Amino acid sequence: MLRSFERERLPDPLGYFEAEGLRLFGRKSWRSTLCCFHQDSNPSLRVNVETGAYRCMACGAKGGDVLAFHRARHGLSFVQAARDLGAWGAA
Ligand SMILES: [Zn+2]
């Protein structure tokens, strides 16, 4: 197995969430945004712009990093998501 996940190559969470089209409210590590996992009218989703963790207070969607977010939002496998994010490298 010469290919592997390289966590350090995951994109910066702040830039990633903005590139995903999320409008982030707030100035601290945890920002609020409209949830992309359910029909949201109030910003229920909290995302951490330093770690990439996310948690929705309304629908319960949650994960620990941008890879988990990317998988859940786009319905990808671990490897597909890692490749998509440029974090799947050849040794
Ligand atoms: Zn939600």
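Is Glu6 buried or exposed in this predicted model? Glu6 is buried, with a relative accessible area of 18%. The legends below begin with the salt bridge that Glu6 makes.

**View 1. Salt bridge between Arg9 and Glu6.** The side chains of Arg9 and Glu6 meet in a salt bridge, with an N to O distance of 2.7 Å. The structure has three salt bridges by the rule used here. Glu6 counts as buried because its relative accessible area of 18% falls under the 20% limit. Its partner Arg9 is partly exposed, at 38% relative accessibility.

**View 2. Salt bridge between Asp65 and Arg7.** Here the N to O distance between the two side chains is 2.9 Å. Asp65 sits in the loop between E5 and helix H2 (66-74), and Arg7 in the loop between E1 and H1. The two residues are 58 residues apart, and the pair links distant parts of the chain. Asp65 is buried, with a relative accessible area of 12%. Arg7 is partly exposed, with a relative accessible area of 47%.

**View 3. Salt bridge between Glu20 and Arg73.** The side chains of Glu20 and Arg73 meet at 3.0 Å, N to O. Glu20 belongs to the loop between H1 and E2, whereas Arg73 belongs to helix H2, so the pair ties together parts that are 53 residues apart in sequence. Arg73 is partly exposed, at 31% relative accessibility.

**View 4. Aromatic pair of Phe5 and Phe78.** Seven aromatic pairs are found in a search of the whole structure. In the pair of Phe5 and Phe78, the ring centres are 5.1 Å apart and the planes stand at 75°, so the pair is edge-to-face. Phe5 is in strand E1 (residues 3-5) and Phe78 in helix H3 (residues 78-84), so the contact between the rings ties together parts that are 73 residues apart in sequence. Phe5 is partly exposed, with a relative accessible area of 22%. Phe78 is also partly exposed, at 34% relative accessibility.

**View 5. Aromatic pair of Phe37 and Tyr54.** The rings of Phe37 and Tyr54 are stacked, 5.7 Å centre to centre, with 20° between the planes. Phe37 lies in the loop between strand E2 (30-33) and strand E3 (45-48), and Tyr54 in strand E4 (residues 54-56), so this pair ties together parts that are 17 residues apart in sequence. Tyr54 is buried, with a relative accessible area of 4%. Phe37, at 26% relative accessibility, is partly exposed. Both rings belong to a cluster in which ring pairs link Tyr16, Phe17, Phe37, Tyr54 and Phe69.

**View 6. Zinc site.** Which protein atoms are the donors of the zinc ion? They are Cys35 (SG), His38 (ND1), Cys56 (SG) and Cys59 (SG), at 2.0 to 2.4 Å from the ion. The angles among the four donor atoms run from 102 to 122°, and the site is tetrahedral. Ideal angles for four tetrahedral donors are 109.5 degrees. The donor residues follow the spacing C-x2-H-x17-C-x2-C in sequence. Among them, Cys35 in the loop between E2 and E3 and Cys59 in the loop between E4 and strand E5 (62-63) are 24 residues apart and link distant parts of the chain. Cys35 is buried, with a relative accessible area of 6%. Cys59 is partly exposed, with a relative accessible area of 37%.

**View 7. Surroundings of Ser44.** Ser44 lies in the loop between E2 and E3. It counts as buried, at 12% relative accessibility. A polar contact of 2.9 Å joins its side chain to that of Asp40. Apart from its neighbours within four places in sequence, Ser44 is in contact with Thr33, His38, Arg55, Cys56, Met57 and Ala58. Of these residues, His38 and Cys56 are also among the protein donors of the zinc ion.

**View 8. Gly15 and Lys28.** Gly15 is placed in helix H1 (residues 13-19). Gly15 is partly exposed, with a relative accessible area of 36%. Between Gly15 and Lys28, the C-alpha to C-alpha distance is 15 Å, and the two are 13 residues apart in sequence.

Key
Residues numbered from 1 in each chain as written. Predicted model: local features only at pLDDT ≥ 70, side-chain atom pairs only at ≥ 80, totals over all residues. Heavy atoms only, no water. Phe/Tyr/Trp six-rings, centres within 6.5 Å; stacked < 30°, edge-to-face > 60°. Helix = DSSP H or I, 4+ residues; strand = E, 2+ residues; numbered from the N terminus. Buried < 20%, exposed > 50% of the residue type's maximum accessible area, 1.4 Å probe, protein only. Polar contact = N/O pair within 3.5 Å; in protein donor to acceptor, adjacent residues only side chain to side chain. Contact = heavy atoms within 4.5 Å. Donors = N, O, S within 2.8 Å, 3.2 Å for Na, K, Ca; no water. Tetrahedral: all angles 85-135°; square planar, octahedral: opposite > 155°, others 65-115°. Salt bridge = Lys/Arg side-chain N within 4 Å of Asp/Glu carboxyl O.
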